[in-house]
Amino acid sequence: MNCNIGVIRGDGIGPEVVSEAIKVLDAVAKKYNHTFNYDEILMGGCSIDATGEPLTKEAIEQAKAADAVLLGSIGGDAKTSPWYKLPADKRPEAGLLGIRKALNLFANLRPAYLYPQLKEACPLRDDIIGDGFDMMIMRELTGGLYFGKRETREVNGKTEAYDTLTYNEDEIRRIAIRGFDIAMKRKKKVTSVDKANVLDSSRLWRKVVEEVAADYPEVTLEHMLVDNAAMQLVKDPKQFDVILTENMFGDILSDEASMVTGSIGMLSSASLNDTKFGLYEPSGGSAPDIAGKGIANPIATILSAAMMLRFTFDMDKEADAIENAINKVLDEGYRTIDIMPAPGKELTGITQVGTEKMGDLIVEHL
Ligand code: IPM
Ligand code: MG
C-alpha cells in the first residue's frame with residue numbers, strides 16, 4: 001500500500017520522538033511491503049519562528065492532502081519562551097486547536113492501559129491496581145469551552161472575562177456514537193461523564209447519550225458526575241471501559257488517567273473525523289525541560305503510529321507487530337527514565353535506555 005503521511009515534528013521533544021516513530025514505520029514498510037511517503041508540516045512554535053503564525057493555510061492544506069498526520073508535540077515553556085508573549089491566538093496551542101477545528105477532528109481517543117511490565121511505575125497501591133486496567137477516554141474535541149464565544153472586557157470599571165460551553169445535539173450524538181461503537185469492540189461499557197447536577201449543556205449531553213444508547217442494547221451505560229469520575233479514577237480505575245465526555249472534562253481526566261498508568265510517555269492518541277483521516281499524537285506534551293537530552297520516551301509516539309496504521313490504513317497485522325515489539329522490549333527490562341521503577345522498587349533485570357536506543361530496540365523486535 002502507498003500511504004501519504006503528514007508529519008508535524010513540532011516543538012520540545014516532538015522532533016526526537018517523531019524520528020523514532022518514523023524509524024519504526026520505515027521498518028514496517030520494509031517488512032510488509034508498503035511505501036510510506038512523508039510530508040513535513042510546520043505547526044506550533046517552530047511555525048511561529050518560521051512564518052509568524054502557529055498554523056498557516058499552507059499547513060492546513062498539506063494536512064488535508066495527507067491520508068493521516070503524525071504529530072510529535074507543540075509548545076514551550078510558558079515562563080521563558082517568547083512564544084508566550086504573543087496574543088493567545090498566535091501561540092503554539094492555537095495551532096493545535098486550529099488544526100483540530102479545520103479538519104473537524106471531533107473524536108479524540110486516548111487509551112489508558114496499565115502495562116503489566118510497568119506495574120512498578122504505577123503510583124497506585126497494589127490492591128487498587130489488582131490485575132491492571134484498560135480504559136479508553138473518548139473526548140469530544142471540537143466543541144464546548146474550547147471553541148465557545150469568549151471575551152475579556154471592562155464592565156463598570158472592572159475587568160471581567162467569560163467563556164461559554166455550548167453543545168448542540170448533533171455534536172453530542174456523533175461523539176456518543178463513536179463511543180458506543182468502540183465499546184462494542186471492547187468490554188461493552190460506557191461511562192458518560194458530565195456535570196448534569198449543575199450545567200444545562202451536561203443535561204443535554206445526558207439526554208442525547210441515552211438516546212444513542214438505545215441503539216446499543218448490549219452496551220451498559222452509566223452516567224457519572226465529573227468530580228466523582230476524577231475520584232473514581234484513582235479509587236478504582238478497573239471499573240472503567242469507555243469514558244465518554246466533553247472537551248474540557250476529557251482534557252483533565254485524560255491527564256489523570258495517563259498518570260495512573262505510571263507514565264504519560266506510554267500513551268498514544270488519535271483524533272478522528274468522520275472519514276478515515278486521523279491525526280495521531282502522543283498524549284504527553286512537549287516537555288521542554290528534557291528536550292534535546294535524548295531521554296524522552298518515544299513509545300507513546302510509536303504507539304500513535306500503530307494506531308494510525310490500524311485506524312486509517314486498516315493495517316491490523318502491522319499495528320499488532322509494533323505493539324508486540326514494544327511488549328517484548330518491555331519484557332526484556334528496557335526502560336526510558338520515565339518508566340523506571342519507582343524509588344525503592346526492584347531494579348534487577350532493568351536497563352535504562354535513551355530515546356534512540358528505545359527506537360532501535362523496537363525495530364529489532366519487529
Ligand atoms: C491536550 C492538550 C491541549 C488541550 C492543549 C495543548 C491546548 O492539553 O491535547 O490535551 O487542552 O487540548
Ligand atoms: Mg491536555
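Ligand 1 sits among E93, R100, R110, R139, Y146 and D251. Keep in mind that this is a predicted model. Besides the ligand site, three helix pairs are worth a look: α1 with α11, α6 with α7, and α8 with α9.

**Around ligand 1**

- Y146 puts a polar side-chain atom 2.5 Å from an oxygen atom of ligand 1.
- R100 has a side-chain N or O atom 2.7 Å from an oxygen atom of the ligand.
- For R139, the distance between a side-chain N or O atom and an oxygen atom of ligand 1 is 2.9 Å.
- E93, R110 and D251 are also among the residues around the ligand.

**Helices α1 and α11**

- Here helix α1, covering residues 14-32, packs against helix α11, covering residues 316-331.
- Their axes are 11 Å apart, and the packing angle is about 130°.
- That angle makes α1 oblique to α11, because it falls outside the ranges for roughly parallel, roughly antiparallel and roughly perpendicular.
- As for handedness, α1 and α11 cross in a right-handed way.
- On the α1 side you'll find V24, V28 and Y32, and they meet K317, E318, A321 and I322 of α11.
- Sorted by class, the residues of this contact come out as 5 nonpolar, 2 charged and no polar.

**Helices α6 and α7**

- Helix α6 runs over residues 169-184 and helix α7 over residues 200-213; they pack at about 45° with their axes 9 Å apart.
- So α6 and α7 are oblique to each other.
- The crossing of α6 past α7 is right-handed.
- From α6, the contact draws on E169, I172, R173, I175, A176, I177 and F180.
- From α7, the partners are L204, W205, V208, V209, E211, V212 and A213.
- The class count for α6 with α7 is 11 nonpolar and 3 charged residues, with no polar ones.

**Helices α8 and α9**

- Helix α8 (residues 226-235) and helix α9 (residues 247-260) cross at roughly 10°, and their axes come within 9 Å.
- Angles under 35 degrees count as roughly parallel, and α8 and α9 are therefore roughly parallel to each other.
- V226, A229, A230, L233 and V234 make the contact from α8, while F249, L253, E256, A257 and V260 make it from α9.
- This contact has 9 nonpolar residues, 1 charged and no polar.

Note on methods: Residues numbered from 1 in each chain as written. Chains lettered and ligands numbered in written order. Predicted model: local features only at pLDDT ≥ 70, side-chain atom pairs only at ≥ 80, totals over all residues. Heavy atoms only, no water. Axes fitted to C-alpha atoms, helices over the stretch in contact; angles between N-to-C directions. Helix = DSSP H or I, 4+ residues; strand = E, 2+ residues; numbered from the N terminus. Parallel < 35°, antiparallel > 145°, perpendicular 65-115°, else oblique. Left-handed = near helix turned anticlockwise from the far one by under 90°. Contact = heavy atoms within 4.5 Å. Nonpolar A, V, L, I, M, F, W, Y, C, P; charged D, E, K, R; others polar. Near = heavy atom within 4 Å. Polar contact = N/O pair within 3.5 Å; in protein donor to acceptor, adjacent residues only side chain to side chain.
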